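Me: I should like to learn how the terms used for a protein structure are justified. May I put some questions about the one shown here?

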Amino acid sequence: MATNYSRRNSSSLRANRHCPREREINILLLGPTGVGKSTFINAFANYITYDTLEEAVNNDMQVVIPTAFSHTEHETFDERLIVIGREDEHEKFSIEGQSATQQCRSFLFPIGNRNLRFIDTPGIGDTRGIEQDEKNFQEILNFISQYEHLNAIFIMLKPGEHRLNILFRFSVNELLRHLHIEAAANLNFVFTSARATFFTPGPSKQLIEGLLNKHRIEQNVIIPFSRENSFLFDNEAFRYLALCKNGIHINVEETQSYSKSWDHSVKEYARLMKSINACSLHAVSNTVSLNEAEQLIRKFPRPMAETAKLIEENIQLAQDHKRKVLTNPRGLSEGIPQNDAQIVYLKHPRTVCVGDRCCRVVDINGEKKLEYLSICHDECYLNGVKQETLYDQKLQDCTAMEPNEGFCLVCDCHWLQHKHITYEYKTNRTNVKSVTTRSKRTMTMDDIDKRISDLRKEERKIQNVYKKLVRFLHVNALLSTNDDYIDYLEYFIREERMKQGAGAENTQMIDNLQKIKDDYRKEMDLFKRTAEEQKNTANTSEVIKPEDIFDLVNELYELPITGEQIRHQVEGIKIGQERNGFRREIYVDLPAKAATSKVMRQLQEIVSDDQQKI
């Protein structure tokens, strides 16, 4: 029978929610499934609270992350499940071999007037296969993109680990490829369960050195591996605490051994923090990196499709206005009717239905518009969902959906007819009265022709830039991605056909959106075939570097007609993602006595000297 111990609900010592970002110490934990990343964090909470193992046994056990492990009785060999904390959506105990940590979360500890943030991640080497590993790693890259810097990256291993090939492929090769080559200087090797090898790397040493040497030859990146960046812990003392709290008797000899492990690990934490504090920061968002470029591009499908539709609307409005002016020249003084986009940032991410049954066509001042009627989950912080993406399978897990059949409990439509949004897109009709000269005069037909020409010019520019962005993503992304841009164009074509059925004269609009979609798909299919054929050749034509991506995006932002709107749309998605990330931050509460513990005083002294520079 398992016994549960809940985490503390209140305390007088907690992390500072107003600590400046540059003063925070950010540490990313990476390692194979089962290496003990969550146990590492739980053990740390106890090390900085109590001076000795005996003191910890006689006081409340600090449980930051729920965890479970199997204990075998010495005399009977009976197995018993020891559970600490309660299983939740973030931590799963029951499925052997799968990563217990389902999503990235960060845990902030108070260290003097600074915060120490451990970023816990899903394990690599998941029994669900390499596809799950790739999804887990993409989740890691997405999550860390919200932070400005990393002080350290912990590659966590067990001495004698035999799965380093899998670990290094993702946590070293892919990490350095997606962040920046300079991140190599911030790598530290942290060995867990090191008591079994007398606090040495054991047989893993030669394997690690061999893999790093291969990495140096193939990638021309030197990753040091020495006593200075290697740290050996044994966090079994945390499990010892759990056993004691479950009433399991541990003999004196084993207790002494665990006590020595506790003392060694406490000293090792001090050495580790000194090493981290002496390193230069690795800038995540300020350094031009592959991951930053990827994260930016992934925000663009919805804004690009909405802008394509807006431009087509405005071209049609300008053409209609031109035809009216030919029969009634007085209309020139009214200006060119145009739709102006308004971006409304939502306070919370939202799940809405876009199905035919949940929308209607309304007439507003002679313009046919689609009105969506059903907000199915007004405050939807669904874990793992891709914001602004159509047909994301994660929407099946939204609390608005019936879990077995997948139909919405609010509107009764299927989950496939829903989307997850962070901003609302609205259009308002306005009249453009700018002229081609500085003198104030009535607009002419040339002004209308110029407006149409300028819109077409921006349309071509947007299409060309976006195709380059997508090609970059196709070549460099760890995971292949669905083309949400095509999904959105098809979605807008469906909307226009609904308006047409209600009397809108928009055949040209539909045809032009269809042509944009067909041309885009044809060009991208050709690119993908060519890229596949050239995969193993030295052909480097049309190579785009990460820094080029930001130049291309700035070209979009500087477009005179639609640039500011595109910027606002992308910013809205960014804000929504940041809000979602904040909900996965845990500010750890500790007992008041932690403020004066031996380890806490040591760490405060170490980090009080702000030696790190970006």
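Me: How many helices and strands does the chain have?

Reply: The chain has 15 helices and 18 strands. Helices (H or I, at least four residues) and strands (E, at least two) are DSSP runs, numbered from the N terminus. This is a predicted model, in which local features need pLDDT of at least 70, side-chain atom pairs count only at pLDDT 80 or more, and totals for chains, interfaces and linings use all residues. Residues are numbered from 1 along each chain as its sequence is written, and side-chain values use heavy atoms, with hydrogens and water left out.

Me: Why is N229 called buried?

Reply: Buried means under 20% relative accessible area, exposed over 50%, and partly exposed in between (1.4 Å probe, protein chains only). N229 has 8% relative accessibility, and therefore counts as buried. Of the 614 residues of the chain, 53% count as buried.

Me: Which residues is N229 in contact with, leaving aside its neighbours within four places in sequence?

Reply: Contact means heavy atoms within 4.5 Å. By this rule N229 is in contact with L187, N188, F189 and P224. In addition, a polar atom of the N229 side chain lies 2.8 Å from the backbone oxygen of P224.

Me: What makes β15 and β16 edge strands in the open sheet β15-β12-β16?

Reply: Two strands pair if DSSP finds at least two bridges between them. β12 (residues 336-353) and β16 are joined by 14 bridges and run antiparallel. β15 (375-377) and β16 (418-432) each have a single partner strand, so one side of each is left without a neighbour in the sheet.

Notes. Polar contact = N/O pair within 3.5 Å; in protein donor to acceptor, adjacent residues only side chain to side chain.
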